[in-house]
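Biologist: Please show me the model. I have a few short questions about it.

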Amino acid sequence: MGSDIFEVSVNFLKMIVIFLMMVQLVPLLVWVERRGSAFIQNRLGPNRVGPLGLMQLLADAVKFLTKEEFVPAKGYRFLFYTAPVIALIPAALAFGAIPLSAPIRVEAFEWLGRNWGPYTFAFQSYEIGIGIVFVLGASSLAAYALLLAGYGSNNKYSLFGALRASAQTISYELALGLSLVGVLLLFNSFQFSEIVAQQAGPMSFQFLGKQVTVPFLPNWGFFYQPLGAVLLFTAFFAESNRLPFDLPEAEGELVAGYHTEYGGFKMNMFYIGEYGHMMVASALMTTFYFGGYTIYPWLTQESVSSWFSQFTPTQASLLTALVLHLVFMAKVLLFLWIFVWVRWTLPRFRYDQLMDLGWKTMLPWALGNTIVTAIVILIMRTNWSGQ
Amino acid sequence: MSQLLPVVVLAIFVATFGLLLMFLASLFGAKGKKSATKLSSYECGVEVAASPTTKIPIKFYLTAILFILFDIEIIFMYPWALAYGDFIEAGLGIYISGAMAVFLAIFIFGLFWEIKSRALEWE
């Protein structure tokens with residue numbers, strides 16, 4: 001985690017701040033969801049408590065705290081209490097591995113009569129060499145929380161909800177994993193920072209072995225992988241159990257699915273997990289297809305750091321990272337709004353339609369996308385003229 | 001190992017956070033009287049009918065088995081995709097594509113057979 005006490009403590013604080021930021025975004029998203037649904041359905045939504053109904057979030061938290069805690073008589077006590085805690089972990093672990101901005105470079109300085117060497121702090125909880133594989137692995141652990149909740153409640157609605165959720169999650173995992181192969185073929189890297197760096201400049205690719213540059217377009221993955229982007233985003237809807245794929249909690253058939261028996265903060269923790277998944281999904285979409293924390297012609301790392309040229313290098317690096325973080329969060333919030341928008345626009349699928357879409361439509365299309373990408377890359381990047 | 005240490009630390013922190021929230025909720029939560037009706041499984045208010053451990057469609061099991069097969073096949077493509085650019089640069093693009101073509105042919109045959117054998121029909 002670091003070589004000396006300064007680096008270790010900064011890394012630890014960074015980790016906790018990023019996690020708390022994720023948790024803090026959840027009530028805000030719930031507010032956006034409620035106001036957004038009201039806007040879409042031509043109603044007012046929560047607007048009484050505080051300005052624009054924003055204090056509703058605080059009121060909800062107090063209400064969650066004062067709910068009575070109990071385990072249903074038939075439930076398995078241990079599993080019942082572990083499931084919501086486990087629901088929190090996968091999204092937090094996955095979100096921590098995604099870079100939220102450019103790394104901060106701290107020059108060597110003197111403090112408390114000691115020299116503290118130059119540091120580089122990545123703007124993420126931890127850097128892992130196999131970033132993409134780690135995020136996929138960590139976020140798919142969420143199925144365990146749903147299964148434990150369904151089994152621990154010992155209620156048939158919960159159990160059916162959990163079964164549906166796990167079957168759906170694993171079915172869409174295939175399309176998700178396969179549509180990422182296109183991204184890997186394009187960037188040839190597992191590391192997020194490397195993928196973002198490759199998308200930073202103007203659009204530039206090899207055409208039959210010759211380098212071609214399109215100066216007015218950014219080099220975003222979306223322009224090379226439009227089908228992959230659509231498939232990945234659709235698969236994320238199913239992974240986070242959101243409408244139109246929210247069969248696990250279809251209230252017309254299953255009361256509330258796997259969290260039928262949960263109330264108060266325990267239920268809220270499932271929500272934090274679900275919204276955390278949406279945040280991971282939006283961050284991944286941004287990183288893979290929409291240039292991460294840069295927007296090429298105006299907001300690249302170089303142009304933003306040139307705004308702060310009168311500051312010391314450390315301050316300039318810090319301010320640049322903060323501005324780029326705002327750019328990243330703007331993109332992430334755009335995707336989160338699409339999640340909300342879709343939820344209140346599309347109706348729910350039937351279960352066989354859901355499985356058909358995953359296995360018979362999205363999997364073959366993702367496979368086709370992989371094959372076409374591989375062939376096009378082979379033709380474009382091979383040096384046909386020899387030498 | 002040193003790369004995974006922060007992951008473990010974060011996981012422990014998040015678990016502690018969750019447990020703390022549940023502890024606070026049990027501290028401040030209302031202390032109502034527990035009755036047999038309150039503690040019974042929630043089924044929209046009517047009497048609890050069947051036990052949850054009844055028969056479960058075998059389709060879920062089949063889906064899980066097929067998932068394992070296909071997921072492992074997809075994971076095998078990751079190292080291939082990672083090395084693809086380097087192989088093309090070295091002028092070996094045809095060979096790595098050919099090797100993958102064989103693998104993909106088996107993959108596609110498997111998918112086609114699975115759909116054809118109606119393993120994925122939900123009725």
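Biologist: In the hairpin of β5(A) and β6(A), which residue in the turn has a positive phi?

Modeller: This is a predicted model, where local features need pLDDT of at least 70, side-chain atom pairs count only at pLDDT 80 or more, and totals for chains, interfaces and linings use all residues. Residues are numbered from 1 along each chain as its sequence is written, with chains lettered from A and ligands numbered from 1 in the order written. The hairpin has two residues between its strands (DSSP runs of E, at least two residues; helices are runs of H or I, at least four; both numbered from the N terminus). With a phi of about 50°, the turn residue is L208(A).

Biologist: Over how many bridges do β5(A) and β6(A) pair?

Modeller: Strands pair if DSSP finds at least two bridges between them. One partnership joins F207(A) to K210(A) in β6(A). The pairing of β5(A), residues 202-207, with β6(A) is antiparallel, and the bridges number six.

Biologist: Why does β6(A) lie largely in the open?

Modeller: Buried means 20 or more other C-beta atoms within 10 Å of a residue's own; exposed means 12 or fewer, partly exposed in between, with C-beta atoms placed from the backbone. Strand β6(A) spans residues 210-218. It lies largely in the open because, of its nine residues, the number buried is zero.

Biologist: Which helix gives the largest share of the side of chain A that touches chain B?

Modeller: Contact means C-beta atoms, placed from the backbone, within 7 Å. By that rule, 65 residues of chain A meet 53 of chain B. Helices supplying at least two residues each include α1, α3 and α6 of chain A. The largest share, 13 residues, comes from α6(A).

Terms used: Contact = placed C-beta atoms within 7 Å.
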